[in-house]
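User: I should like to examine this model by asking how each descriptive term is justified. Please set each value against its definition.

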Amino acid sequence: MVQHSRLEILGQHAAGETNSADEPAARAYASRVVGPWSSGSDRETVRSLYFHVPFCFHKCHYCDFYSFVDTQDRQQPFVDRLERELAALGRLAGHPTLRTVFVGGGTPSLLKVDLWERLLAALRTHFDMSEFAASAADGADRYAGAEFTVECNPETVSEPLMASLRAGGVNRVSIGAQSFNPRHLKTLERWHDPDSVPRAVELARSAGIARQSIDLIHALPGQTEDEWAEDLDRVLSLGVTHVSCYTLTYEPGTALTARMRRGEIEPAGEDLEACLYEAAVSRLQSAGLSRYEISNFAASESDRSMHNLAYWRQEQWLAAGPSASGHLWRGGSMRGGSWRWKNVPRLGDYLSLDDNGLAPIAELETPDPARLLRERLMMGLRLEEGIDARDFLADTVAIAPDRVERLSEEITSLRDRGLLRSDVRGRWTLSERGLLVADDVAATLMRTLA
Amino acid sequence: MSANPPNTSLDRAHIRNFSIIAHIDHGKSTLADRLLQATNAVSAREAKEQILDSMDLERERGITIKASAVTVYHRHKPGSKSDDLETDYEAPADETGEHRAVKGTADEHGELFMLNFIDTPGHVDFNYEVSRALKACEGAILVVDATQGVQAQTVVNAYLAINEDLAIVPVINKIDLPSARPDDMAMEVEQVLGIRAEECIYVSAKTGQGIKELLAAICEKFPPPREPVTPKLRALIFDAVYDDYRGVITYVRVMDGGQLKVGDKIRMLGTGRTFQVTDLGKYTPKPVRVPTLGPGETGYIVAAIRSLKDVRIGDTVTLELDPATEPLPGYKPPMQMVFCDFYPATTSETKGSDFEQLRDAMEKLSLNDSSFTFQPVHSDALGFGFRCGFLGLLHMDIIQERLEREGNVEIVQTAPTVSYQVLIRGDANQAVKTSNKGGIPPTVVAGAGQKFPGTEQIIPENRTLLEVHNPADLPDPSSIEDIREPICKVDIILPKEYIGDVMKLCMDRRGIYKSQSFISSDREMLTFEIPLAEIIYDFFDKLKGMTSGYGTMDYELLGYRPDNLVKMDILVNGDPVEALSIIVHRERAEHRGRHLVSKLREQIPRHQFEIPVQAAIGSKIIARETIKSFRKNVTAKCYGGDVSRKRKLLEKQKEGKKRMKSIGSVEIPQEAFMAVLDQGD
C-alpha cells in the first residue's frame with residue numbers, strides 16, 4: 001500500500017518522462033537513474049548485480065521480503081521479463097565486467113532448471129561474465145576473485161539444479177537453515193526437515209559449488225541458550241566457511257509480529273538477545289569463523305561475502321526484478337552522492353510495465369552527498385574493518401565543512417565511553433559493547449550530519 | 001425553519017430565567033436538547049445530540065465546558081400542570097413573529113412565556129462557572145438520574161442553588177431505563193436535600209415523557225425576574241466567549257433600569273472601560289439579533305471587545321450616559337487550584353521559535369478561556385516555557401489538548417502541583433526575589449500583625465506569609481517557619497459496602513474524618529478534610545476503582561493549614577531536576593521517594609551509560625535506583641535493499657524523542673514528569 005502511494009507520487013514527479021504515450025499514468029522507470037548515470041562521463045564501472053526472484057512455497061511468518069506463493073505459474077513470464085530487464089541494464093551500463101552477482105528472494109532455487117539456464121545465458125549475453133568463467137574453469141580455485149551467490153531453501157536443492165548453477169558460474173550458495181529445532185522452525189513457519197540442510201550442503205559441494213553459507217536465526221520465542229548452542233554446533237559440524245546469525249526481528253506487517261502483539265508469543269527480550277548473540281560470537285570465533293560484520297562470520301578473508309561487502313562499503317550495484325534495489329554513484333565517486341532506487345514490488349506491475357526493458361520504480365532517492373555520508377556511518381560501522389577516518393573526515397570537510405567539529409566531538413565522546421575506537425590503521429571501529437548498540441551509535445553520529 | 005423571537009416585548013411576569021444542574025452524566029444536556037425541541041426552537045431533524053455543547057472537544061469528551069444561554073418561547077395556561085408540546089403547532093417563523101398554530105389558535109395554547117436557560121458544566125473543576133450561571137437565574141432544574149440517584153455533585157450543585165435562593169424543580173431523569181427506580185430516587189432527594197419527594201417530576205429526556213409537566217412547572221414554580229431596584233441600567237455579565245470574527249461575545253442578564261439598545265455606549269463598572277454596542281441578540285439556539293434587551297432578559301452583547309481580558313465575569317454593565325453608581329454583587333474570580341509547567345516538546349536549547357509558537361497558541365487560547373493563567377518560566381532542565389494555573393486537573397487536560405489541537409504545538413507538561421503558603425522569617429521581599437525562578441511569582445499573602453486568611457490567628461512579629469506556586473520557588477529552608485497546604489472538604493457518596501475501603505483511602509491520603517450521613521438504605525455520604533495535593537491526581541480514579549464506579553465525590557477548598565511538609569528533590573544522573581521536585585509530608589517522604597525513583601527507572605529509557613536516579617531531602621539521599629545502560633540496539637539484517645528504510649528509521653529516532661527532554665545527557669520522556677503524581681498506594 002505504502003509503496004503504491006509512493007509510486008503515485010513519483011509518477012507525478014516523472015510526468016512527461018515516460019516514453020510511451022499510451023501509458024495511463026505517468027510512471028518513473030529505472031531509466032531515471034541508470035540513464036543519467038550512464039551518460040556521466042566520469043562514471044565508475046559497476047561491478048555488482050542483484051536480482052530478485054519473488055516466488056515462495058509459502059510465506060514465512062517472520063519474512064518481510066517481497067515474495068508470494070505462485071498460484072498462476074508465472075515463472076515463465078517472469079523470466080521473459082527479467083531477461084528484457086537484464087538486457088536493458090547491460091546495454092545502459094556498457095556491458096560491465098561483473099565481479100559479484102547475488103540472487104535473492106523469495107526462493108530463487110524454486111525456479112525451474114530450464115528457466116534458470118535461460119537466465120544464466122542472458123547474464124552471459126548482456127554482461128561480461130569472464131571472471132566467473134575463469135572460476136568455473138578452475139574448479140580448484142574457489143576464490144577466483146568473483147562471487148556468484150544464489151539463495152537456496154534447503155529442500156529445493158537438487159543435483160540437476162546445482163549442476164546447472166555451477167555450469168552458469170554460480171560458486172556460492174546461501175542456505176536458509178534458520179534453525180535445526182523443529183519447534184522453532186514451526187514458529188517461523190518453516191516447514192523443511194532439518195536434515196535437508198546437510199544434504200543441501202553436500203549436493204552443492206559435490207556439484208562443485210565450493211562456498212556454502214548457512215543462515216541461522218536466534219532469539220526465537222522460548223529459545224534457550226542450550227538450544228542455540230546446539231544449532232551452532234550443528235552448523236559447525238557441516239564444515240561450511242560462512243555463517244550468518246540473525247537476531248529474530250519483529251518486522252511490522254508480518255504474521256509473527258501480529259502474533260506477538262496478540263500475546264501468543266513472547267519476544268526474548270534485550271538481555272537474552274544479547275546473551276545469545278554473544279554466545280554465537282564466542283562459539284563461532286573459537287571454531288575459526290571470525291566476525292567481519294555484525295551478523296556475518298567467515299573462515300578467512302576470502303570467504304567473506306564480496307557482494308554484501310559492496311553494500312556495506314557503499315559501492316555500486318545494479319538491480320533487477322520486482323522490489324530489487326540498486327545503488328549508483330553520481331560523478332564517479334562517493335563524494336558526489338548517489339541514487340538509490342527500488343523497483344516496484346508487485347509482480348503484476350513488474351510484468352506489465354516496461355520502459356525499453358527497464359522496470360518501473362517505487363522508491364527513489366536522488367543524489368545527496370550528506371545523505372551518503374550518513375549511510376556510510378550507518379553501514380560502515382557494522383563492519384569489523386570499520387570506516388577509514390581520514391577518508392571520511394576529508395569527505396565531510398568537502399561536503400559539510402560546518403559539521404566536522406560536531407562530528408569529531410561526538411566521536412571523542414563515543415570513544416571516551418568505550419563504544420568506538422580509532423585503531424592504528426586510522427579507522428573507526430566499534431568496540432564489542434559498541435557493536436551491540438550499533439544503531440544508537442550510528443544514530444548519534446548521523447545526527448551530527450543531519 | 002428558525003424560531004425568531006416574537007417582536008412583542010414580554011412583561012417581566014412572562015420571563016423565566018433558570019439553569020439546569022446535575023451530577024455529570026445524569027442527562028442534563030440531553031434534557032436541554034429535549035426542551036429546545038419541545039419548544040420548537042429546533043426541529044427534530046436538526047436536533048443533534050447535545051446542541052448546547054458547541055466545542056468539538058466537548059462533544060468528544062461528552063462534557064460541557066462552556067456554559068451557554070439559550071432563549072426559547074413557550075405557551076402556558078397559568079394554573080395548569082401540563083402543557084401541550086409546541087410541536088403541535090408551528091413555531092413563530094414569520095416577520096410578525098406570531099405563533100401560528102396548526103391545531104387551534106396560538107392563544108388556545110396559553111400565554112406566551114420567554115424561557116431563558118443556561119446550560120452549566122457538570123465537572124467539579126468548573127464549579128465557578130456553575131455559580132456564575134446561577135447568579136443570573138431565579139430557578140434551577142435539578143436533574144437526578146433515576147438509576148443512580150443523588151450523587152456528590154448533585155448535592156454540591158443543589159446547595160449552590162439553595163445558597164443563591166433559587167426555586168428548585170427536581171427532575172428524576174431517565175425513567176425509560178429498565179433499571180430506573182424513580183420513587184427511591186425521589187426519596188433520596190427528600191432525604192439529602194430536604195425537597196419533598198412529591199415535588200419531583202419524572203422525565204425521560206430521551207423519549208420526551210414528562211416534558212409537558214416540566215414545561216408547566218418551569219412557568220408555574222419559577223418566579224419571574226425580580227423588579228428593578230433602580231431606574232439606571234445594570235446588567236450582570238455571567239459569561240463571555242471569544243469569537244474569531246466578532247471579538248468577545250458577552251452574555252448578560254439585565255437586572256435593573258430600562259432597555260439596552262444597539263448603539264448604546266456601555267461602561268463596565270468594575271474596570272471602567274467603555275464600549276459601543278454593535279449587536280444585541282439571543283441564542284435560540286441559533287444567534288438571532290434583537291433590537292433591545294430589557295429587565296429580566298438574558299442575551300448577548302457584541303461591542304468590539306478584542307480580548308477576554310477586557311471583560312471581567314461578574315462585572316456590571318451600565319450606560320455611559322446615565323450610569324448606575326453601585327455595581328451588582330459580583331462573583332469571586334475563578335481560582336486556580338492546580339499549577340504546572342508547559343514546555344515546547346523540542347530539543348532546542350535556546351529560546352527559539354518553538355517557544356514563540358507556544359506563546360502564540362496560549363495567547364490565542366486565553367482569548368477563549370480566561371480562567372487559566374500563564375507566565376513565562378525558565379528551567380535549567382527544560383528550557384523556556386510557561387508556568388500555568390488551572391481550575392483543576394480536567395481543566396488542565398483540556399487546555400493542553402486544545403493547545404496541541406488548535407495551536408499545533410507539542411507540549412511537555414510537568415506534574416501538576418498545588419500552591420503552598422509558607423510562613424517565613426525575615427525580609428519577605430528578599431525571599432520573593434531569591435526564590436522566584438520565573439513563572440508565576442510568589443506573592444506576599446499577609447504580613448506581621450495581619451490575620452492568617454480565613455482565621456482569627458495573627459501572624460507574629462517579623463514573620464510573613466508567602467504563597468508559592470511551584471515547589472522550586474520555596475525560599476531557603478533556614479528561613480521557613482512552616483509550610484501550609486490547601487485543605488479541601490471532600491464529600492463522597494457511595495454504596496455502604498465500600499465504606500471501609502474508602503475510609504482507608506482517605507486516611508492514607510492524610511484525610512481527617514468529619515462525618516457520615518444517611519442517604520438511603522444502601523448508600524451513605526462520607527465527609528473528610530483532605531489536603532488538595534493528595535486528591536488532585538488519582539484520588540478520583542482510585543475511588544471509582546474501589547467502588548466499582550458507584551462512588552462519586554466533590555470538593556471545596558476550606559483554606560490553608562500547616563503540616564510537617566518538606567521539599568523532596570529528584571536527581572537524575574546526579575543533577576537535580578526541578579520539574580520533578582515535590583513537597584511531601586515528612587513521614588511519607590521515604591515511601592514516596594522510593595516509589596518515585598522506581599517509577600522513573602521504568603520510564604526513563606536505557607541510555608548508552610548507567611544513570612543513577614535519587615530522591616533527596618536537602619543533601620540527604622533517601623532513595624536510589626539505577627537505570628542500566630542498554631545492552632543491545634542493533635539491526636540484525638542490513639543489506640543493500642534496507643539502506644533507505646533503515647536510515648530513515650535511525651533518523652526518526654530523533655523525532656521520536658520530541659516528547660522527551662534532555663537533562664544533561666539524559667533523555668526524559670513526558671510520562672516521567674507525571675510519575676511524580678503516582679502516590680504508590
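User: How many residue pairs are in polar contact between chain A and chain B?

Analyst: Between chain A and chain B, 23 residue pairs are in polar contact, with both residues at pLDDT 80 or more. A polar contact is a pair of N or O atoms within 3.5 Å; within protein, one must be able to donate a hydrogen and the other to accept it, and residues adjacent in sequence count only if both atoms are side-chain atoms. This is a predicted model, in which local features need pLDDT of at least 70 and side-chain atom pairs count only at pLDDT 80 or more, while totals for chains, interfaces and linings use all residues. Residues are numbered from 1 along each chain as its sequence is written, chains are lettered from A in the order in which they are written, and side-chain values use heavy atoms, leaving out hydrogens and water.

User: Which elements give two or more residues to the side of chain A that touches chain B?

Analyst: They are β8 (242–247), α11 (270–286), α12 (306–312), β13, α14 (369–380), α17 (432–436) and α18 (438–448) of chain A. The largest share, nine residues, comes from α18(A). Helices (H or I, at least four residues) and strands (E, at least two) are DSSP runs, numbered from the N terminus.

User: What makes the pairing of E273(A) and K632(B) a salt bridge?

Analyst: A salt bridge requires a side-chain nitrogen of Lys or Arg within 4 Å of a carboxyl oxygen of Asp or Glu. The side chains of E273(A) and K632(B) meet at 3.4 Å, N to O, so the pair satisfies the rule. Across the interface of chain A and chain B, the rule finds nine salt bridges.

User: What area is buried between chain A and chain B?

Analyst: About 3400 Å² is buried between the two chains, and carbon and sulfur atoms give 49% of it. Buried area is the accessible area (1.4 Å probe) that two parts lose on being put together, summed over both. In this interface, 48 residues of chain A are in contact with 27 residues of chain B, contact meaning heavy atoms within 4.5 Å.

User: Why is G331(A) called partly exposed?

Analyst: Buried means under 20% relative accessible area, exposed over 50%, and partly exposed in between (1.4 Å probe, protein chains only). G331(A) has a relative accessible area of 42%, and is therefore partly exposed. G331(A) is placed in the loop between β12 (325–329) and β13 (338–343) of chain A.

User: What share of each chain counts as buried?

Analyst: Buried residues make up 57% of the 450 residues in chain A. In chain B, 59% of the 681 residues count as buried.
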